[in-house]
Amino acid sequence: MSGNLIDVAVVLNGKKVTASVAPDQSLLAFVRDHGCKSVKCACETTNCGLCTVWLDGRAVLSCAVPMVRANGHEVTTLEGLQAESADFARCMAEEGAEQCGFCSPGLIMNVLAMEREIRDRSAAQGIEPAMPTEDDMNAYLAGNLCRCTGYTSQRRAIRRYMESRFGAASDDAPVRAGEGE
Ligand code: FES
Ligand code: FES
């Protein structure tokens with residue numbers, strides 16, 4: 001520690017990173033300062049979801065996490081999930097779910113986190129993971145704001161991706177190409 005700074009150490013995308021930071025520095029500022037520019041700075045008031053990263057494998061809003069809380073933990077950004085995110089990125093392209101793209105990294109982090117949570121919860125209960133309902137997906141992703149797509153194409157992409165992972169729910173209507181935009 002030096003002056004008013006505190007020493008922190010995190011594992012960022014698999015690599016140990018140490019730094020001296022101001023006590024009130026946000027995890028958002030920290031990851032961007034360390035090259036993770038996929039993490040977007042927008043509202044900074046926990047309202048848009050664009051700054052979503054994983055802290056120990058769980059999605060968090062990095063604008064709301066001070067570095068004192070992240071210290072000693074594992075932080076993952078989209079830069080660390082290139083292989084894992086490829087299939088969902090393809091679903092987004094196939095469904096036209098990306099326009100300016102500014103919200104996409106936060107959305108991808110949340111969709112992959114939702115998939116992980118479904119698998120973890122099912123494993124804890126000793127049951128097969130199942131396709132989330134439309135309501136489940138809407139509730140989980142409600143914090144991801146997008147000013148371009150109107151959400152319909154994003155929802156198609158999420159549903160296509162989840163079906164590729166968990167299979168279609170039997171009572172779900174089929175995904176229609178070109179439904180909304
Ligand atoms: S910048 Fe963190 S929620 Fe908007
Ligand atoms: S695609 Fe532009 S903000 Fe979502």
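Helices are runs of at least four residues in the DSSP assignment, numbered from the N terminus. In the structure examined here, which is a predicted model, helix α4 is the place of I108. This residue offers a useful point of entry, and its surroundings are taken up again below.

The secondary structure of the protein amounts to 6 helices and 5 strands. Followed along the sequence, these elements are arranged in the pattern β-β-α-β-β-α-β-α-α-α-α. For a chain of 181 residues, a compact globule would be expected to have a radius of gyration near 16 Å, and the value of 17 Å computed for the protein agrees with this. The C-alpha trace extends over about 60 × 40 × 25 Å along its principal axes. Of the contacts between residues at least 6 apart in sequence, 60% link residues that are at least 24 apart.

The surface and the charges were examined next. The protein exposes about 9300 Å², and 50% of this area is supplied by carbon and sulfur atoms. Buried residues account for 41% of the 181 residues. The protein carries 18 positive and 24 negative charges, and the mean positions of the two sets lie 3 Å apart.

In soluble globular proteins, nonpolar side chains tend to be buried together. In the present model, the largest nonpolar core contains 23 residues, among which F88, V111, I158 and M162 touch the most other members. Two or more residues of this core are given by each of the elements α3 (82–94), α4 (104–125) and α6 (152–166). The greatest contribution comes from α4, which gives 8 residues. A second core, separate from this one, comprises 22 residues, including A19, V53, C63 and V65.

The contacts of individual residues add detail to this picture. When residues up to four places away in sequence are not counted, F88 touches L107, I108, V111, A157, I158 and Y161. On the same basis of counting, I108 touches L78, S85, F88 and M92. I108 has a relative accessibility of 7% and therefore counts as buried, the cut-off being under 20%. Between I108 and S85, which are 23 residues apart along the chain, the separation of the C-alpha atoms is 7.1 Å.

A charged residue, R159, is found in helix α6. Its relative accessibility is 11%, so R159 also counts as buried under the 20% cut-off. R159 is 98 residues away from L61 in sequence, and the C-alpha atoms of the two are 23 Å apart in space.

Backbone geometry was considered last. Most residues other than glycine have a negative phi. Two residues of the model, E44 and D56, are described here with respect to this angle. E44 has a phi near 60°, a positive value in a residue other than glycine, and is found in the loop between α1 (27–33) and β3 (52–55). D56, also not a glycine, has a positive phi near 50° and lies in the loop that joins β3 to β4 (58–61). With a relative accessible area of 44%, D56 is partly exposed, because this value falls between the limits of 20% and 50%.

Terms used. Residues numbered from 1 in each chain as written. Chains lettered and ligands numbered in written order. Predicted model: local features only at pLDDT ≥ 70, side-chain atom pairs only at ≥ 80, totals over all residues. Heavy atoms only, no water. Rg over C-alpha atoms; globule rule 2.2 N^0.38 Å. Buried < 20%, exposed > 50% of the residue type's maximum accessible area, 1.4 Å probe, protein only. Contact = heavy atoms within 4.5 Å. Areas by Shrake-Rupley, 256 points an atom, 1.4 Å probe, with all protein chains shown as cover. Lys, Arg positive; Asp, Glu negative; His and termini not counted. Charge placed at Lys NZ, Arg CZ, Asp CG, Glu CD. Core = buried A, V, L, I, M, F, W, Y, C linked by side-chain atoms within 4.5 Å.
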